[in-house]
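The following exercises are meant to be worked through with the coordinates open, and each is followed by a solution in steps.

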Amino acid sequence: MNEAILAVVVLLPILGGALIPLLPFKNRTQMMVYTEGLVLVNSALALALLFHRPEDSFVLFRFTSNLTLSFRVDGMGTVFAAIVSVLWPLCVLYAFEYMEHEKHEKIFFMFYVITFGVTLGIALAEDVVTMYCFYEMLTLVTLPLIMHTLTREAVLASRTYLYYSLGGAAFAFIGVIFILVYGTTPNFTPGGVLDLAAVGERTNMLLLIYVLCFMGFSVKAAMWPFSSWLPQAGVAPTPVTALLHAVAVVKAGAFAVMRVTYYSFGPDFLRGTWAQHVVMALAIFTIVYGCSRAVKETHIKRRLAWSTVSNLSYILFGAAIMTPLGLVGALSHMVAHAVMKICSFLCAGAVICKTGREYVHQLDGFGRKMPKVFAAFTVAGLALMGVPGLCGFISKWQLVRAAVDSRDPLAYIGVAALMISALLTAIYMLTIVVRAFFPRKDFDYDTIRDVKDPGWKMLLPFAIFVIAIVTIGLHSRPLIQGLESIAAQLP
Amino acid sequence: MDAWILLPVFLPVLAGVILLVSLALEKRKKGEEQPDREPGEAELHNLHRYVAVALAVSGVLALAAAFSGEHSVTLFELLKGIPVYFHVDDISRLFAVVISIIWLVVAFYSFVYMKHEGKEQRFYGFYLIVYGVLMALSFSGNLVTMYLFYEIMTLTSMPLVLHNGSREAIMAALKYLFYSMCGAYLGLFGIFFLYKYCDTLTFTAGGTLNLELAQGNITILLIAVFGMLIGFGAKAGMLPLHAWLPAAHPVAPSPASAVLSGVIAKAGVLAIIRVVFYVVGPDFLRGTWVQTAWMTLTLLTVFMGSMMAFREPVFKKRLAYSTVSQVSYILFGLSVLSPVGMTGALLHVVFHMVIKCALFLTAGIFIFRCGETRVEQFRGIGKQMPKTLWCYTFASLALIGIPPTSGFVSKWYLAQGALEAGVGVFGIVGPAVLLVSALLTAGYLLPITTSGFFPGGIVKHFGIEEKHEAGSAEEASVGQSGQENNSAAQADAGKVAETNRKADSLEPVPEMLIPLVILAALAVLLGLFPNPLINFAGRIAASVL
């Protein structure tokens with residue numbers, strides 16, 4: 001019976017979300033209560049499920065005898081599902097205050113809630129086909145969210161997003177087909193499913209397919225050369241950029257990459273081949289590239305988006321190390337980056353929503369007027385830089401430990417890239433912090449008289465994220481042990 | 001329970017945070033309409049008392065922690081197998097004690113000085129926090145803990161640099177931040193590799209490198225260690241990451257410049273000592289290209305710093321370049337990896353702290369009393385502030401290394417260490433560079449004394465405008481354009497100056513002068529009675545080499 005809940009947590013938000021524009025709400029409060037209630041119930045169900053994992057899988061239906069749409073909880077899926085289940089209710093709460101002045105609120109919340117279900121579908125997918133289906137669906141349901149404001153810019157951005165994502169998915173699909181043909185089973189299995197007897201002489205072709213598949217899925221994770229859609233998509237309302245473009249959508253890309261690497265092709269097959277070097281080199285390049293673009297960018301949300309580009313490649317780099325430790329590093333950065341980046345995005349959103357300022361040079365002296373927002377932003381910034389005691393240091397440590405342990409010279413270069421990236425992160429985050437807290441001496445506070453901290457619906461998520469950043473930073477033991485137990489399943 | 005040794009860490013940090021938070025709350029309460037108000041005399045007095053008590057109590061606690069035997073505290077596990085761990089050993093003692101004394105002395109000086117900079121509460125908030133962080137840095141017992149506080153030190157000392165809020169100061173602060181971060185990340189890069197190849201990251205005299213594990217990975221380890229030397233050397237102003245120092249130290253208020261140059265630059269030295277002698281182990285580096293490159297870089301820095309100081313007309317900048325040069329004396333002493341050299345380096349850590357603070361306090365007095373910053377404007381200053389200039393002169397002599405002042409002792413050991421370390425050509429080149437640099441040091445410090453006491457003929461005179469209305473316009477113009485005036489005007493001014501010289505004393509109030517006198521006296525006395533310190537430093541050096 002437990003297994004059926006697997007499908008419930010995926011389908012409930014999809015159906016419940018679709019009802020939002022249809023239900024006859026009397027006022028905004030009712031809609032808010034319904035939406036938040038729906039998301040909270042679903043999160044509670046999902047988390048309960050993750051703590052009492054059913055052993056078996058649940059088959060929703062069968063396309064053919066061996067192609068099914070089926071769900072199952074395993075360690076890696078747990079991590080991703082837990083991240084989104086915790087973040088979604090908080091971001092919905094934040095969105096209530098943010099969206100107050102925007103139009104088409106119901107449509108917005110409809111898609112926002114549906115996306116929750118689809119993302120859980122990716123996390124809980126038992127096999128590569130199910131994951132692929134939900135992956136495509138994710139592109140389609142998040143499209144209206146980017147387009148939300150219907151400005152020319154937004155329409156263009158959503159079009160770019162569509163082309164990039166569908167194109168990437170097409171490449172990924174090639175990989176999926178090959179997994180079906182050469183694998184013993186479509187189900188995700190720690191260590192991979194490739195049937196080496198069937199592969200025979202075609203190793204190089206399969207490696208090529210792996211590279212294509214990696215690059216296809218990593219389009220959503222915004223790896224260079226397919227990264228430019230992400231900063232463009234920053235035109236979406238901030239709850240979307242914060243949750244989808246820092247966590248759900250982009251991490252779905254990284255998650256899919258880890259799935260095919262560790263659970264389909266298998267790290268043993270890939271380790272030490274040219275394919276590994278190609279994908280690792282791309283990830284390393286993106287780490288530095290994203291940060292450099294972030295330093296150059298003056299629009300605050302786009303700057304954070306470029307920072308996301310760089311940080312997602314930390315995860316891809318961890319995945320590309322292809323050792324159990326690499327998986328630990330990648331997963332820990334997935335968790336750490338989720339809280340840090342969402343926190344900094346929400347801060348940026350609070351500034352944009354409450355004051356209309358969008359550029360870094362307009363933020364002089366904001367620290368005194370929005371002390372809570374900028375305190376949270378500072379903590380998130382320091383965490384992104386990797387200051388010890390905050391969660392960014394923990395995940396970076398795990399990544400680098402894996403890289404040093406692998407004794408691969410390219411991974412050493414990756415370590416250097418991480419350090420360069422940390423320096424650039426310091427530059428693009430701390431210039432904002434210094435500006436906000438230490439304006440020039442002739443700065444006139446009258447020019448920002450209208451600026452003040454937002455209401456509790458925005459501040460509560462900040463407080464929770466800051467606590468999470470510090471807690472993970474100071475007490476990482478349970479998290480890392482959990483991730484290590486996941487990696488221990490790899491042969 | 002040894003947890004009480006963390007009191008000198010937490011107490012000042014807490015006191016500083018209270019200051020900053022109350023400042024923020026007060027600003028909010030007053031609302032947006034009122035502009036920033038200058039605090040009243042009574043308020044300032046309370047603030048000073050608060051700071052003095054906080055520093056004195058934590059200073060006493062720090063001394064108690066340092067001198068009551070071996071202590072260690074484990075707070076919690078930051079990462080698996082890497083706790084936040086504090087341990088008091090001889091190096092900790094040396095740094096904690098000297099830093100505490102200097103911090104307190106400079107604080108007393110700053111009480112008067114900061115009146116003309118303003119925003120005292122913010123300044124003292126960070127001043128206290130940085131003190132706590134420095135204590136934590138001194139007491140750190142493993143590499144990751146040290147790295148943690150090293151980063152925090154950078155972040156919390158940055159507001160001291162940008163204190164006056166000018167564009168120049170903010171740019172300098174950012175430069176400071178980014179160079180330090182760059183250095184810290186180079187250090188972190190090395191820590192990752194040491195974590196893999198060392199038995200433990202806990203500081204152990206003589207190093208913990210596991211040579212069996214390291215077999216076959218020597219190259220990458222050497223690169224990592226070299227990165228750490230460059231990285232932590234950034235704080236100490238070592239080439240090639242030195243450029244922030246001459247920009248950042250002079251723009252800070254003088255008390256902050258003093259502690260930045262005197263104390264915080266030494267945090268880089270402390271980090272390098274910890275890495276080389278307590279984690280990697282000197283034997284691993286001896287004779288490798290890393291040692292050669294390190295010695296070369298330090299000697300280049302010594303020479304380049306002195307040369308730049310010699311050419312620099314702005315007084316505080318000149319002192320900052322001098323710091324670049326002098327801190328690399330210390331690093332050179334470490335780089336030869338001999339007990340005598342290390343003794344010299346540790347001695348120079350202490351002496352340079354005292355001397356450089358004294359010099360920056362002098363610069364502060366000149367700025368505070370005359371408003372002048374350039375060296376050529378200080379002509380004749382000795383007639384008006386003889387005591388200040390005498391203190392300056394003694395500190396200068398000590399920095400040059402003229403016996404029997406303190407600098408002589410440390411440089412003696414440095415040179416001797418280089419000669420007997422068996423480092424080939426560096427044994428000769430090293431002492432030679434030190435000598436040339438000493439000459440340059442004399443060249444950039446002593447002219448202020450000579451022209452201050454013996455201006456020779458025509459002098460610009462400070463402070464005339466306020467006291468002598470007659471002919472003030474003329475003198476003001478002289479004051480502004482210095483020696484560019486024609487000789488007649490200069491002669492006039494000279495006459496006026498001559499008549500007023502005896503009447504006008506610009507000597508600062510005792511609260512400012514006494515800290516300076518203490519430091520200058522220390523600079524000389526430590527040279528006269530160096531034996532306890534030499535024995536102590538020698539003991540440390542013998543324990544690691």
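**Exercise 1.** Is α3(B) largely enclosed by the rest of the structure or largely open, and how many of its residues are buried?

Solution. Bear in mind at the outset that this is a predicted model. A residue is taken as buried if 20 or more other C-beta atoms lie within 10 Å of its own. By that count 19 of the 24 residues of α3(B) are buried, so the helix is largely enclosed by the rest of the structure.

**Exercise 2.** Compare the expected span of helix α3 of chain B with the distance between its end C-alpha atoms.

Solution. The helix covers residues 90-113 of chain B, and at 1.5 Å a residue its 24 residues should span 34 Å. The end C-alpha atoms are 34 Å apart, which agrees with that expectation.

**Exercise 3.** Describe the side of chain B that touches chain A.

Solution. Begin with the totals: the contact takes 30 residues from chain A and 32 residues from chain B. On the chain B side, α1 (7-30), β1 (71-79), α5 (143-161) and α6 (167-197) each supply at least two residues, and α6(B) gives the most, with 14 residues. Sorted by character, the residues of this side of chain B comprise 22 nonpolar, seven charged and three polar.

**Exercise 4.** Assess whether the radius of gyration of chain A agrees with that of a compact globule.

Solution. For 491 residues, a compact globule would have a radius of gyration near 23 Å, and chain A has 22 Å, which agrees. Turning to burial, 63% of the 491 residues of chain A count as buried. Finally, among contacts in chain A between residues at least 6 apart in sequence, 82% join residues at least 24 apart.

Key
Residues are numbered from 1 along each chain as its sequence is written. Chains are lettered from A and ligands numbered from 1 in the order in which they are written. This is a predicted model: local features need pLDDT of at least 70, side-chain atom pairs count only at pLDDT 80 or more; totals for chains, interfaces and linings use all residues. Two residues are in contact if their C-beta atoms, placed from the backbone, lie within 7 Å. Helices (H or I, at least four residues) and strands (E, at least two) are DSSP runs, numbered from the N terminus. Ala, Val, Leu, Ile, Met, Phe, Trp, Tyr, Cys and Pro count as nonpolar, Asp, Glu, Lys and Arg as charged, and the others, Gly among them, as polar. The expected span of a helix is 1.5 Å times one less than its number of residues. A residue is buried if 20 or more other C-beta atoms lie within 10 Å of its own, exposed if 12 or fewer, and partly exposed in between; C-beta atoms are placed from the backbone. The radius of gyration is taken over C-alpha atoms; the globule rule is 2.2 Å times the number of residues to the power 0.38.
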